[in-house]
Amino acid sequence: MADQNNPAGEGVTPKGIPALKAHVIANKVDVALWGIRLLTVLCTLGYLLPIFNNPVSAFHKALLANAATSALRLHQRIPPREISFTREFLARFFLEDSAHYLFYSLIFMNVAPNLLILTPIFLFALLHAASYSLTILDTLGQNSMWMARLLISLVELQSRNILRVAALAEIVLFPLVVLMGLFGYCGLLTPFVYYYFVTWRYTSRRNPYTRNTFRELRVAAENVAARPGSSPTIANAIRGAVKLVCSMAPPGDYVQQ
């Protein structure tokens with residue numbers, strides 16, 4: 001029935017299942033991204049709690065879901081008509097965060113499963129899926145599923161911390177991958193390939209959290225080394241480690257200064 005103040009129903013946006021169907025038809029790629037991100041979250045939970053699935057299978061499904069998400073995002077960011085194999089295109093390609101995480105999935109597809117590997121893709125999937133879930137709920141109606149809205153609000157409230165944890169996981173994973181390579185849990189080339197992934201994340205234009213986290217870790221390490229009463233051996237080891245990491249940073253970056 002039309003509103004008493006608006007008998008003809010003019011200007012009123014329809015809600016409910018018909019509106020959801022129309023939204024899905026009009027935004028197929030965005031809805032597909034939302035569904036695949038939810039699948040990434042569920043597969044990660046399936047790896048943690050292997051009740052209905054084999055944990056190794058859940059690990060690889062999470063990586064595949066992340067690869068599918070990254071490929072779709074690349075399709076949105078770089079239309080097929082612009083794809084070429086020129087140097088300029090490749091430079092543009094590797095500036096995209098989606099390209100970084102497409103390679104991330106490929107890097108870890110044949111390594112021993114590890115929760116830290118799934119941590120960044122789980123957190124990104126959770127954050128983006130929560131954000132689009134609000135759009136879905138708004139399509140159904142303003143008062144639909146208030147409990148889900150509350151949980152989504154909690155996720156969005158912690159978005160900065162979620163991004164910082166994801167960046168920290170990317171960084172901490174590098175020495176772990178080196179150890180995995182030395183002990184045969186991954187190929188010997190995996191640490192070298194992952195190093196390039198870290199440098200891509202460090203120079204990301206859209207996400208500064210990896211770069212900022214490196215800086216925060218450097219400041220924290222230098223403060224520990226300069227603390228009065230600290231062992232000279234430990235202090236020198238920390239300074240040496242900081243110098244080594246700074247030497248691996250992209251040329252000309254402020255972290256080396």
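This report describes the helices of a predicted model and the way in which they pack against one another.

## Overall architecture

The chain contains eleven helices and zero strands, so that, by the definition used for such elements, every element from the N terminus on is an α-helix. Taken along the principal axes, the C-alpha atoms fill a box of roughly 80 × 45 × 45 Å.

Of the 257 residues in the chain, 39% are buried. Among contacts between residues at least 6 apart in sequence, 68% join residues at least 24 apart.

## Helix α1 and its two sides

Helix α1 spans residues 17–26, and its buried residues are A19, L20 and H23. These three cover an arc of only 100° around the axis, which puts them on the same side of α1. The general geometry of such elements is relevant here: an α-helix has 3.6 residues a turn, so residues three or four places apart point the same way.

The other side of α1 carries the exposed residues I17, P18, K21 and I25. The buried residues of α1, for their part, pack against α2, which covers 28–48, and against α6, which covers 115–140.

## The contact of α2 with α6

The two helices that receive the buried residues of α1 also meet each other, with axes that come within 8 Å and cross at roughly 140°. That angle makes α2 oblique to α6, because only angles over 145 degrees would count as roughly antiparallel. The crossing is left-handed, and by class the contact has 16 nonpolar, four polar and two charged residues.

On the α2 side, the contact includes D30, V31, W34, R37 and L38, together with T40, V41, T44, L45, Y47 and L48. Their counterparts in α6 are L115, L118, I121, F122, A125 and L126, followed by H128, A129, Y132, S133 and I136.

## Two buried positions, S133 and G46

S133 lies in helix α6 and is buried, with a relative accessible area of 12%. When residues up to four places away in sequence are not counted, S133 touches W34 and I152; both S133 and W34 appear among the residues through which α2 and α6 meet.

G46 lies in helix α2 and counts as buried at 17% relative accessibility, because the cut-off for that class is under 20%. The C-alpha atoms of G46 and K61 are separated by 9.8 Å, the two residues being 15 apart along the chain.

## The contact of α3 with α6

Helix α6 also meets α3, and here the axes come within 10 Å and cross at roughly 35°. As in the crossing of α2 and α6, α3 passes α6 in a left-handed crossing. The residues concerned are F59, A62, L63 and N66 in α3, and I117, L118 and I121 in α6. By class, this contact has six nonpolar, one polar and no charged residues. L118 and I121 of α6 are also listed in the contact with α2.

## Helix α5, a mostly covered element

Helix α5, formed by residues 97–107, is mostly covered, with nine of its eleven residues buried. The buried residues are D97, S98, A99, H100, Y101, L102, Y104, S105 and I107.

These buried residues pack against several other helices, namely α3 (55–77), α4 (87–93), α6, α8 (159–182) and α9 (190–202). Helix α6 thus recurs as a partner, since the buried residues of α1 pack against α6 as well.

Terms used
Residues numbered from 1 in each chain as written. Predicted model: local features only at pLDDT ≥ 70, side-chain atom pairs only at ≥ 80, totals over all residues. Heavy atoms only, no water. Buried < 20%, exposed > 50% of the residue type's maximum accessible area, 1.4 Å probe, protein only. Helix = DSSP H or I, 4+ residues; strand = E, 2+ residues; numbered from the N terminus. Arc of directions from axis to C-beta. Contact = heavy atoms within 4.5 Å. Axes fitted to C-alpha atoms, helices over the stretch in contact; angles between N-to-C directions. Parallel < 35°, antiparallel > 145°, perpendicular 65-115°, else oblique. Left-handed = near helix turned anticlockwise from the far one by under 90°. Nonpolar A, V, L, I, M, F, W, Y, C, P; charged D, E, K, R; others polar.
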